Every structure is written in C-alpha cells, then in structure tokens.
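Please take a look at the arrangement of the chains in the model below. The paragraphs that follow start at the contact between two helices and work outward from there.

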Number of protein chains: 2
Amino acid sequence: MQKYGGTSVADPERIKNVAKRVVATAAAGHQVCVVVSAMGAMTDQLLELAGEVSTHPHPREQDMLLTAGERISSALLAMAVIELGRDAVSLTGSQAGIVTDERHGKARIVELRPQRVLDALDAGRIVIVAGFQGVSGTSNITTLGRGGSDTTAVAVAAGLEADVCEIYTDVDGVFTADPRVVPGARKLDAVTYEEMLELAASGAKVLALRSVEYARTHGVAVHVRSSFGEADGTWIVKEEDVLEQAIISGIASDSSEAKVTILGVPDKPGIAGRVFRPLADAGIHIDMIVQNVSAAGRSDISFTLPQSDLPAAEPVLDVIAKLVDAQGHTYESDIGKVSLIGAGMRSNPGVAADMFEALADAGINIEIISTSSIRISCVVHGADLERAVQILHERFELSSAAQ
Amino acid sequence: MQKYGGTSVADPERIKNVAKRVVATAAAGHQVCVVVSAMGAMTDQLLELAGEVSTHPHPREQDMLLTAGERISSALLAMAVIELGRDAVSLTGSQAGIVTDERHGKARIVELRPQRVLDALDAGRIVIVAGFQGVSGTSNITTLGRGGSDTTAVAVAAGLEADVCEIYTDVDGVFTADPRVVPGARKLDAVTYEEMLELAASGAKVLALRSVEYARTHGVAVHVRSSFGEADGTWIVKEEDVLEQAIISGIASDSSEAKVTILGVPDKPGIAGRVFRPLADAGIHIDMIVQNVSAAGRSDISFTLPQSDLPAAEPVLDVIAKLVDAQGHTYESDIGKVSLIGAGMRSNPGVAADMFEALADAGINIEIISTSSIRISCVVHGADLERAVQILHERFELSSAAQ
C-alpha cells in the first residue's frame, strides 16, 4: 500500500514520477495498491467555486463536489501507470468498498468491503484508490475530513492486510521538531503509534490524527517517507517494535488555537458539565482544560479551542456564562502550544520539571499546562512559541542521534 | 426535465442564473429534474491533462477522469439552488440509475432505474443529474460519447415520463441553416424527430443524434431553447403533431468528412462487402457511398468518412485495395456536404432536381449525391460549401416564414 499526497501529484510531470515509483514497486514483486489525494490546489479551487455559488455550501453537495478531485488524480495516475506498460485500474472510494456513516465532511469509516480491490490485485493489476472519500449506507458520497486520504490508505491497508502502508509526502519523515523552526531537527527512524498520536494531536502536520488511530487499532505498520527520494523515512509501529526508546521523541507546536477563560465560576459540583456540554453540542472541539480555584469559592476555568471555532463558540459562551453564574469570560487568540512527546517519559519523572525550568530560564511564561503519560504541553504567549521549541530542542539534546 | 449545456454553466455566475431558472420552474408548480454538462472548457482541460500523462489514455480511465466534470457542475448547481431556498440534490449518472453497456467513451444506455430520482422528486426536491455518464453492469463508470448529456436528459425524461425535455443551449433553437453562414436563417417552431435526426446526421450541431433517436423511440417531447432568454425555441415532436409541414425544414452542412475513392474495382458480386467489412471491423464510421460503373468491367467506389478516422483507415484501405484487386485509392479532405431536409419532400418529387439545378447555376460541382426519403445530400468542394448553403437557402425561400 502506498499513499501519495497532493504535492506528489500536483502536475502531470509529478504524476508520471509517481507512476514510475509505483511500477518499480510492482516490478520488485509486490502487489501494489495506491491511494492518492487530489492534485495540489484542486480542493481549494473547488471550494472557491462552491463559495461563489453559495454562502454555506450544503455539506452533501460539497462532498459530491470535492470528491471529483481525487477521481481526477486517480484516473490520471492509472493512465500514467498503463502508459508504462502495467495494467492498472482506478477506483472511487465507493468502488473500493469504503463504507462510512452519513456525517458529510467528516465521515467515519464503518465498514470496509475490499473485495473489488482484492480481485483486481489478484488479476495482476495495480489498483489506484481515490483517497478522502467513501459512500454512506444510503449511497451518498461522503468525505473523511482533513487528512482523509491518509485514513483511506491505512484503512485499505488494514482491509488488504498489507505488509506496510507507505505514506509518501513532501518531507523526509517525522522530525524531532519542525525543521523550519529548528534547523538542527533530526529525522526519527521510528516512533510508536502513541507518540505519533500525541505528535499529531499537538500540531505535527505530517500525518492526520485519525489515520494514526486507525493504524494503531488495526496494527498497520506505517512508513512516512518522501516521494522525492529513495531514503527511508519514519516507521510508525508498536512500542515493542521500537528498538531503542528515546526519552523524548519530538517537540510539536501549534499556533492555531485560542484560549478562553470563564471568570469567577461558583465552585459547585456539576459546573464543568454545564460549561462543556453546550460547547460539545455545538460541535466545538475543546483541547486543554484547566481549573484554578480562586478566592471566595469561585474559580476560573480556562480551555483552548481552534481559533476557527471562536465565532461559533462566542454566542454559546455568553449562554454558558449566564447559566453557571460566572463573572464574565475572556478570549486570547495570540497563544501557542508547545508539546514534548516521548514514550520514555513514563520512566523518567524529571522531564516535566526540566521542561518548566528551561522555559523559565528563557523568561517564557507558561499559561496552561496539560500532560498525558507520554506528553507534556504548555501554552505560552504566541510570540514566544518558536523560541520555546528551539530552547527545548536544545535542552533535551534532540539534534544529536544518541540522546 | 431541463438540460443545460457547458456554456450555460461555464462559470459561477451562469450557474447561479441557471439555478434561478430552475427554481422559477419549480415555483410554477412543476417537479423539476435537471441534467447538466461539465462547465465550459472543463472536459477539454481534463483531456489535456490525460494527454500529458499518457499517449493513448485508457478508455476506462478516461471515463473515470471526464465524469468528474459533470460531478463538479451538478454539485455546484445543487448548492446554488439550495442557496435560493429550495431543497436540491445532485446525483451521479450511476446514482440516477443510468445503466449502460461496457463500451467506454461511447456507452449505450441499456437500462434506466430512476427510483432514486423519483423518490427525491416526490420528497419535493429538485434533482440535478450529472450528464454524459452512466455505470456498467460491472460497476465501471462509463460515458455516453459526444452529446451524451442530451442523451442523459432524454433518457431520464423518458424514465420519469416527464411532460417535456427542455434542452437549454446557447442558440435560440433549430434554424433553417447555420445563422453564421446564412444571416437570414429563420428559427423553426417545430420539426419532426425524423427531420431532426437527418439534420443532426448531416452536421447540425444543436442536438446529438443519439438523443434524438432515443426521444423518437420513447416518444419524449423535446424543446430546444436558449438559456439566455425566455422565448420559445424549437419543439421536436411526432410528425402528426406538426401543424404546418414545410417542404424543406432546413439546410445542414458538414465539413468534417473526407472522401475516399477506391479506383478500378473489378465488377464482381460481393465486392462491396469485402470493401466495407474491414472498415466496419476497424470501427470506422462510413457515411455516403457511391459506386460508378466504369469501363472494362471495373468500377470506382467512393465514400465519405470522418477526417479524424483517416489515419486509422489508411492501413485498412491498403489491405482492402489488394484484397479486391483494385487499381488504387485516393483521398480528398477538402470536401463539404450540404443537405436539404424536410418531411414534405416525400410528396414533392421536384426538390432534388431543383437542388441540383441551383447548384449547377452557381457553378458548383457535385461530387457525390445521397438521398433518404426526407433528405438530399450533395458533396461539393470544400471552398464551395458556404456558398452552396446560401444559394439553397435562397432558392427554397427559407428566410420567409410562409414558404
């Protein structure tokens, strides 16, 4: 199984290069199934057209529209493979048996019926599956949301029991930090599913969160690598398959969130539910939550959410503030989240303290802290974010191969 | 049933105009099903991409590629209709139940399963069907060939037992001749299916031949009209429904064919079959055929075929010439065919003589003649074609409403 993203198939020349790579894999004796994204800017162009005919494009129709993009790239790649003398066939998500629920724009795969893919592979064909899309039980075309093509690739790889799911992208793999922020960032040879989940959730763009979840659940070995070279990238595997477990695998950063604080909430049982249930009902995804008990039996509740959800959240927050008898609420958009991720953290209790110390030494103020067993995240002022990443990368000596 | 061609949906503004027209029809109390072509130059752009990755794009993959065009326009039109406050849903050819044979690029409809269209209409929705496409019995995406969206519209109209199939286009209807060639050409209020078939077969571009065949077979009333105005266009109906039958309905011309002559063929039984069977087997569509008995028991066989088929025909012709012991063969590309069409011709035996006389008076040489009961076609030199149309239009007084 191979998956190629939008930049890898951005124009006919690149499609021909992908075709060569696919054919070379087949020539090495493998059965090859390929998932492709839409060509480069195609999805954005289609969204722009939608915006010109409609103020709020209907989700079902938007899915019908956008899925044309992968249909185009998959057909072109199949043609290019055939041109090189190998038999190939393109399949839509529906034809590849990707059955989803009805949630247009962010559908989840509920069933995989890969018989048609299997038959074509057994007939010696290279199968090209249009990524990002599926079909609902009522025969409507759906899309899998952001990074959906990664999810398609992992799901089909699981269905086919593929040896590996290679995710080809425009970077060399997963790095200890964003190389644009930290020039000395090092490519990781392997990370665990759990680390990759935390990295993706913390802002690393290389692989979509849901595809990693799917890979972990179904035990699919994922190999993230560059479509512009031959070098090995990063393997994403089970924890027991990682030979040398580093304490810290990588640092992720995310500047797309905003911080909301609800001030002076009476400290009574059940308050948190009354704050967060209306937000959940409004489909707003809350990330970090902190509650500080303050004076006089009242506390402040702070949390982060995507900046893009702020307009939808504001009226809900007005309602919530009244509902819980709060003293008010504030927003802050100019924040950044920096996260340290590493499975080795579990047996190294000093990591959090090291992190806070390093940030303090650099004069960077921490606004919110949140942790999991393999991750520590700090919200800092937006202007401090890049520097925080650089300082932590140095502090934990991530540039050198042997930590 | 309404059908809008590529120019009618060429950009977001025009799509919004089509949406208004569709909504107005629904507001007048009609159930509305719409078939759309791909936006303007979309199909050509996709073909160009195909040409850049493949010298001979695989027909199945080309169909997968091209059908994305109508998927895009149908989704955009559905969004635009919803924006105007009416419920709408776009359906692919497959979802609309258009089942075809497997002949990619020129599939024929073998079955119509319009239940999903009917259900949506009964639920009060405006249904937008992606034209030009269907699905084969083995679940491959197919296209219906040139003018395929017209065929989709007529077929779905037949399946739904629609009152009328309105074909919206960028001209006002069917004219007595091409208005660019004959400025005084007159719009026809009505023509018979048979006349329209002959017009389409003789080079009139307004409606695809197969859609007219389908309309005739299934008795679908077709109304060809402009999407840029409100005026009535041309009705295509059964002969008994045309009130005043003109002798000549219109003049069509076609400069896309070439003439082939096989010289000195021995005059023996079975020769014609041995000439035309290999061409038919090669998928080459032969139009007019004339055989002139010449001296010494040998004859010349001339016929016309699309210029685009010449490269494929040449090697076949070499084989044929040897096979039938001919003395050689010649090609002529610079020819034109002018055709007079009218159901009233049947009861007016003098029409052919009038036509030949008019061309002779103008010094135009006739190379081949072919006739049906309601059509007379003459092949002339390419340079004479426009003048031939103008002269015949005047000779048969087609500009004046009362002939």
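At what angle do α3(A) and helix α3 (residues 59-83) of chain B pack, and how far apart are their axes? The model is a predicted one, and in it the two helices pack at an angle of about 170°, with 8 Å between their axes. α3(A) is therefore roughly antiparallel to α3(B). On the side of α3(A), the residues that make the contact include A:Leu65, A:Ala68, A:Ile72, A:Leu76 and A:Met79; on the side of α3(B), B:Leu65, B:Ala68, B:Ile72, B:Leu76 and B:Met79 are among them. Charged residues take part too, including A:Glu61 and A:Arg71 of α3(A) together with B:Glu61 and B:Arg71 of α3(B). By class, this helix-to-helix contact divides into 18 nonpolar, no polar and four charged residues.

The helix pair belongs to a wider contact between the chains, in which 28 residues of chain A meet 28 residues of chain B. Three elements of chain A, namely α1 (12-27), α2 (42-53) and α3 (59-83), each give two or more residues to the side that touches chain B. Of these, α3(A) gives the most, with 13 residues. Taken as a whole, the side of chain A that touches chain B has 17 nonpolar, six polar and five charged residues.

How are the two chains related? Chain A is superposed on chain B by a rotation of 180° with 0.0 Å of shift along its axis, at an RMSD of 0.1 Å. The two copies are thus related as by a two-fold rotation axis. The C-alpha of chain A nearest that axis belongs to A:Ala68, at 2.4 Å. Both copies use the same surface, since 100% of the contact residues of chain A recur in chain B.

In soluble globular proteins, nonpolar side chains tend to be buried together. Here the largest nonpolar core has 226 residues. Those with the most contacts inside this core are Val34, Leu76 and Leu77 of chain A and B:Val34, B:Leu76 and B:Leu77. Beyond its neighbours within four places in sequence, B:Leu76 is in contact with A:Leu49, A:Ala50, A:Val53 and A:Leu65, as well as with B:Ile15.

Another helix of chain A, α7 (residues 209-218), has A:Leu209, A:Arg210, A:Ser211, A:Val212, A:Tyr214 and A:Ala215 buried. The cover over these buried residues includes α5 (148-160), β9 (165-169), α6 (193-201), β11 (222-226) and β12 (234-237) of chain A. Just after α7(A), A:Gly219 takes a positive phi of about 65°.

Terms used
Residues numbered from 1 in each chain as written. Chains lettered and ligands numbered in written order. Predicted model: local features only at pLDDT ≥ 70, side-chain atom pairs only at ≥ 80, totals over all residues. Least-squares fit on C-alpha atoms with pLDDT ≥ 70 in both. Contact = placed C-beta atoms within 7 Å. Helix = DSSP H or I, 4+ residues; strand = E, 2+ residues; numbered from the N terminus. Nonpolar A, V, L, I, M, F, W, Y, C, P; charged D, E, K, R; others polar. Axes fitted to C-alpha atoms, helices over the stretch in contact; angles between N-to-C directions. Parallel < 35°, antiparallel > 145°, perpendicular 65-115°, else oblique. Core = buried A, V, L, I, M, F, W, Y, C linked by C-beta atoms within 7 Å. Buried ≥ 20, exposed ≤ 12 C-beta atoms within 10 Å, placed from the backbone.
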